[in-house]
Amino acid sequence: MSYQTGPTPLSRSARPLDYWLSPELSAITPTNARSRLRELASARGAYMGAWAAGIGLGGFLVLLGVVLAVRLGTPVALPALGIPGAALAALCGISFARVRNRLPRTDRALVNRGPGSLRGALSFVAFVLVVFTGLFAFTAKPSTWQDPAALLTLATVLAFMVGLLVVGIIVPATIASRSRESLRRKAATDPHFRALLEQDLVTWRDPYGNAGYGPL
């Protein structure tokens with residue numbers, strides 16, 4: 001079966017959505033080739049990644065409040081950090097569900113300065129942790145390594161750094177790197193989302209040239 005990746009404006013709407021969503025078509029098309037479906041997937045993944053990071057950050061604040069309350073022996077830190085954290089997680093969760101179930105706007109420039117792949121995110125996180133532990137190892141006094149309290153504090157700080165880097169770097173990068181597969185799976189399992197794509201397929205025209213609706 002042969003595919004055409006540069007259809008004319010009239011043939012774009014004549015192609016069924018399943019044609020453009022086909023993994024086979026995607027496999028034979030250059031990764032950087034532009035299409036409407038890829039723009040939708042990229043924007044949807046960027047928004048979902050940002051809101052997922054917000055959910056993780058809210059949970060991180062709640063956990064930090066619990067740890068500080070235990071370590072300081074006072075419950076003041078729990079509501080001070082837990083309430084804003086829970087509110088942030090809830091609001092970002094609502095926004096995440098909204099962008100997951102709707103077609104995103106692609107006419108806005110989305111600037112993503114973080115790693116765009118899981119491998120890049122893991123490399124960045126590993127680099128940060130190596131630099132931090134290296135600086136601590138060179139600057140800490142020898143007696144610090146014999147102090148269990150200091151080592152426990154270091155382990156706690158490292159654990160929270162890892163958690164923060166995971167929610168802020170790894171989670172968004174993972175969602176963004178899987179944005180195309182996520183959109184294809186959503187279109188296959190959610191009739192409402194598929195209907196939105198079907199409507200967009202009929203009405204969309206490339207405002208900048210002659211790009212096809214797909215491939216994904």
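**Close-up views of a predicted all-helix chain**

**Figure 1. Surroundings of S26 in the predicted model**. Leaving aside residues up to four places away in sequence, S26 touches R38, R184, P215 and L216. S26 itself is found in helix α3, and with a relative accessibility of 18% this serine counts as buried, because the cut-off for that class is under 20%. Of the residues that S26 touches, P215 has its place in the segment after α9, and the peptide bond that leads from G214 to P215 is cis, with omega near 10°. For context, most peptide bonds are trans. Another of the residues touched by S26, R184, is listed among the buried residues of α8.

**Figure 2. The chain as a whole**. The predicted model has 9 helices and 0 strands, and the pattern read along the sequence is accordingly α-α-α-α-α-α-α-α-α. Of the 216 residues in the chain, 32% are buried. Among the contacts with a separation of 6 or more, 77% are accounted for by residues 24 or more positions apart.

**Figure 3. The crossing of helices α8 and α9**. Helix α8, residues 179-189, and helix α9, residues 191-203, have axes that come within 6 Å and cross at roughly 110°, which makes α8 roughly perpendicular to α9. On the side of α8 the contact is made by L183, K186, A187 and T189, and on the side of α9 by P191, F193, R194 and L197. Sorted by class, this contact of α8 with α9 has 5 nonpolar residues, 1 polar residue and 2 charged residues.

**Figure 4. The buried residues of α8 and what covers them**. In α8 the buried residues are S179, S182, L183, R184, K186 and A187, and their cover includes α2 (17-21), α3 (23-27), α4, α5 (77-100), α7 and α9. L183, K186 and A187 belong to this buried group and also take part in the contact with α9. As background to such a view, an α-helix has 3.6 residues a turn, so residues three or four places apart point the same way.

**Figure 5. The aromatic pair of Y19 and W20, with R15 and G212**. The structure holds 3 aromatic pairs. In one of them, Y19 and W20 are arranged edge-to-face, with 4.8 Å from centre to centre and 80° between the planes. Y19 is buried, having a relative accessible area of 9%, and W20 counts as buried at 0% relative accessibility. The charged end of R15 sits over the ring of Y19, at 4.6 Å from the centre of that ring. G212, which lies in the segment after α9, is 192 residues from W20 in sequence, yet the two are 8.9 Å apart in space, C-alpha to C-alpha. With a relative accessible area of 2%, G212 is likewise buried.

**Figure 6. The aromatic pair of F60 and F160**. The ring centres of F60 and F160 are 5.4 Å apart and the ring planes stand at 85°, so this pair too is edge-to-face. F60 lies in helix α4 (residues 36-72) and F160 in helix α7 (residues 148-177), so the pair ties together parts of the chain that are 100 residues apart in sequence. Both F60 and F160 are buried, and the helices that carry them, α4 and α7, are included in the cover of the buried residues of α8.

Notes
Residues are numbered from 1 along each chain as its sequence is written. This is a predicted model: local features need pLDDT of at least 70, side-chain atom pairs count only at pLDDT 80 or more; totals for chains, interfaces and linings use all residues. Side-chain values use heavy atoms; hydrogens and water are left out. Axes are lines fitted to C-alpha atoms, for helices over the stretch in contact, and angles run from 0 to 180 degrees between N-to-C directions. Helices (H or I, at least four residues) and strands (E, at least two) are DSSP runs, numbered from the N terminus. Angles under 35 degrees count as roughly parallel, over 145 as roughly antiparallel, 65 to 115 as roughly perpendicular and the rest as oblique. Contact means heavy atoms within 4.5 Å. Ala, Val, Leu, Ile, Met, Phe, Trp, Tyr, Cys and Pro count as nonpolar, Asp, Glu, Lys and Arg as charged, and the others, Gly among them, as polar. Rings of Phe, Tyr and Trp (its six-membered ring) pair if their centres lie within 6.5 Å; planes under 30 degrees apart count as stacked, over 60 as edge-to-face and the rest as tilted. Buried means under 20% relative accessible area, exposed over 50%, partly exposed in between (1.4 Å probe, protein chains only). A charge sits over a ring if NZ of Lys or CZ of Arg is within 6 Å of the ring centre and within 35 degrees of the ring normal.
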